[in-house]
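Reader: I'd love to go through this assembly with you, from how the chains are related to what they touch. Shall we look at it together first?

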Number of protein chains: 2
Amino acid sequence: MALNKQTQLIDAALQLFYEKGINSVGINEVLKTTGIAKKTLYNHFKSKDELVLAALKKRDQQFLIWLDRRLEEADSKEKAVVVLFESLTDWFHNQVEELPPFRGCFFINSAIECGVVNNEIAAYCKDHKQQVRQLLSKRMSHLSDEVLDVICTLKEGAIVMAYVAEDKNAAMKCLPSALTLVAGN
Amino acid sequence: MALNKQTQLIDAALQLFYEKGINSVGINEVLKTTGIAKKTLYNHFKSKDELVLAALKKRDQQFLIWLDRRLEEADSKEKAVVVLFESLTDWFHNQVEELPPFRGCFFINSAIECGVVNNEIAAYCKDHKQQVRQLLSKRMSHLSDEVLDVICTLKEGAIVMAYVAEDKNAAMKCLPSALTLVAGN
DNA sequence: GTCAAAGGAGACAGACTTGTCTCTTTTGAT
DNA sequence: ATCAAAAGAGACAAGTCTGTCTCCTTTGAC
């Protein structure tokens, strides 16, 4: 039961924080949507920041599992690049069941919203990016570090373009160039 | 005198908002650093959001003028790409006098911090990205729209990598690939 | 010199925030 | 059945924020 409440809190926090931004969502809103009492929340989490970290962790797992599953079908680095940018496109267009409606990258958003004041959150966001890079590295074997860095940079850029510039096709626009780079390596 | 106060307010707001984030800086902090009274601020600006918009406008001009000056020396699209990513690298490493210490892109940050609740701010941030694209288009004539999009996406990605992932060399890592793409076009 | 406009200083209202605490009820293990 | 731990409900403290308002001083135009 205790774990159940904790899970409920994290789920609701992740959903609200991602949808509206961490600073726009108060503890009370999380409590209201879950129907859980404030005392229970502070029984499980020392502070709001700890709840934020738990939400980041949940999203971290959620995202990595989704991306890994998608990349499973790729049997070459070229195919992996295609799958990566097609997956991003599906995400931007809200065509991924496992992920809530696209509101940018939760880690970029959180780092910008909280990173200045909370170093632990900034570090976790940085770490997530590193983990995604590692996952891509695994699925794109024999790809040089240099090209992998560019692929990662294109991925981050596409997320920003999709969110800030509202260009949901940003990822697809990168695909031909990304393939050229991978092929030449 | 009136204009002078207004300029002081916008300058201080831009500096503080960019350094600490919009939501972390209250009106009172802007007033304290300038020594200007609250009544005077609300005489010039209807609300905090209007001051934010004024700060965005100032930064918009500041950034575009700086980038345009840097790109002046480029006499070909290949040279323009080199100058672009070298300029970004200088920016990331705080080697640009005209710009305050690097804290990411003020427009990405503001869109993420305020975009959900204030549509006007989100629109201005989107517009800034469009203006930078237009500037690059002017300085990289005869470059296809497709490759220009990729160059812009790399630029956004490099900013995010430099800020969130703390990789200040992100822009330089993109340069060889960017040149390959431009050359092949 | 006069007088209105602008500005300084800051109290204040009203609405938020996080986190603590009390009191009551439910639950689950023994 | 008992009894301690967990949870519900929410008051409350202490702080934050924006925006308004008052009172007083300075300044600049005529």
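**Chain pairing and DNA contacts**

Reader: Which residue of chain B comes closest to the rotation axis?

Author: Happy to start there, bearing in mind that this is a predicted model. Of the residues of chain B, the one with its C-alpha 1.8 Å from the rotation axis comes closest, and that is Gly157(B).

Reader: Which atoms do the side-chain values use?

Author: Residues are numbered from 1 along each chain as its sequence is written, and chains are lettered from A and ligands numbered from 1 in the order in which they are written. Local features need pLDDT of at least 70 and side-chain atom pairs count only at pLDDT 80 or more, while totals for chains, interfaces and linings use all residues, and side-chain values leave out hydrogens and water and use heavy atoms.

Reader: What axis relates chain B to chain A?

Author: Chain B superposes on chain A by a rotation of 180° with 0.0 Å of shift along the axis, at an RMSD of 0.0 Å (least squares on the C-alpha atoms of residues with pLDDT of at least 70 in both copies). Therefore the relation is that of a two-fold axis.

Reader: What share of the contact residues of chain B recur in chain A?

Author: The contact (heavy atoms within 4.5 Å) takes 31 residues from chain B and 31 residues from chain A. The same surface serves both copies, with a recurrence of 100%.

Reader: Which three residues supply more of the area that chain B buries against chain A than any other three?

Author: Between the two chains the buried area (accessible area, 1.4 Å probe, lost on putting two parts together and summed over both) is about 2,800 Å², and carbon and sulfur atoms give 76% of that. On the side of chain B, 21% is supplied by Ile112(B), Thr153(B) and Val164(B).

Reader: Which residue does Lys173(B) form a salt bridge with?

Author: Four salt bridges (a side-chain nitrogen of Lys or Arg within 4 Å of a carboxyl oxygen of Asp or Glu) are counted between chain B and chain A. In the one formed by Lys173(B), the closest N and O atoms are 3.9 Å apart, and the partner is Asp149(A).

Reader: Which element gives the largest share of the side of chain B that touches chain A?

Author: Elements here are DSSP runs numbered from the N terminus, helices being H or I of at least four residues and strands E of at least two. Those giving two or more residues to this side are α1 (2-20), α6 (106-114), α7 (119-139), α8 (145-163) and α9 (170-183) of chain B. With 11 residues, the largest share comes from α8(B).

Reader: Now for the DNA: which element gives the most to the surface near DNA strand C?

Author: Strand C is surrounded by 18 residues (a heavy atom within 4 Å counts as near), the closest being Ile27(A), Lys38(A), Tyr42(A), Lys48(A) and Lys5(B). Thr40(B) has a polar side-chain atom 3.2 Å from a phosphate oxygen of the strand. With four residues, the element that gives the most is α3(B).

Reader: How far from a base oxygen of DNA strand C does a polar side-chain atom of Lys38(A) lie?

Author: Of the strand's atoms within 4 Å of the protein, 54% belong to sugar or phosphate and the rest to bases. A polar backbone atom of Ala37(B) is 3.1 Å from a phosphate oxygen. For Lys38(A) and the base oxygen, the distance is 2.7 Å.

Technical notes. A polar contact is a pair of N or O atoms within 3.5 Å; within protein, one must be able to donate a hydrogen and the other to accept it, and residues adjacent in sequence count only if both atoms are side-chain atoms.
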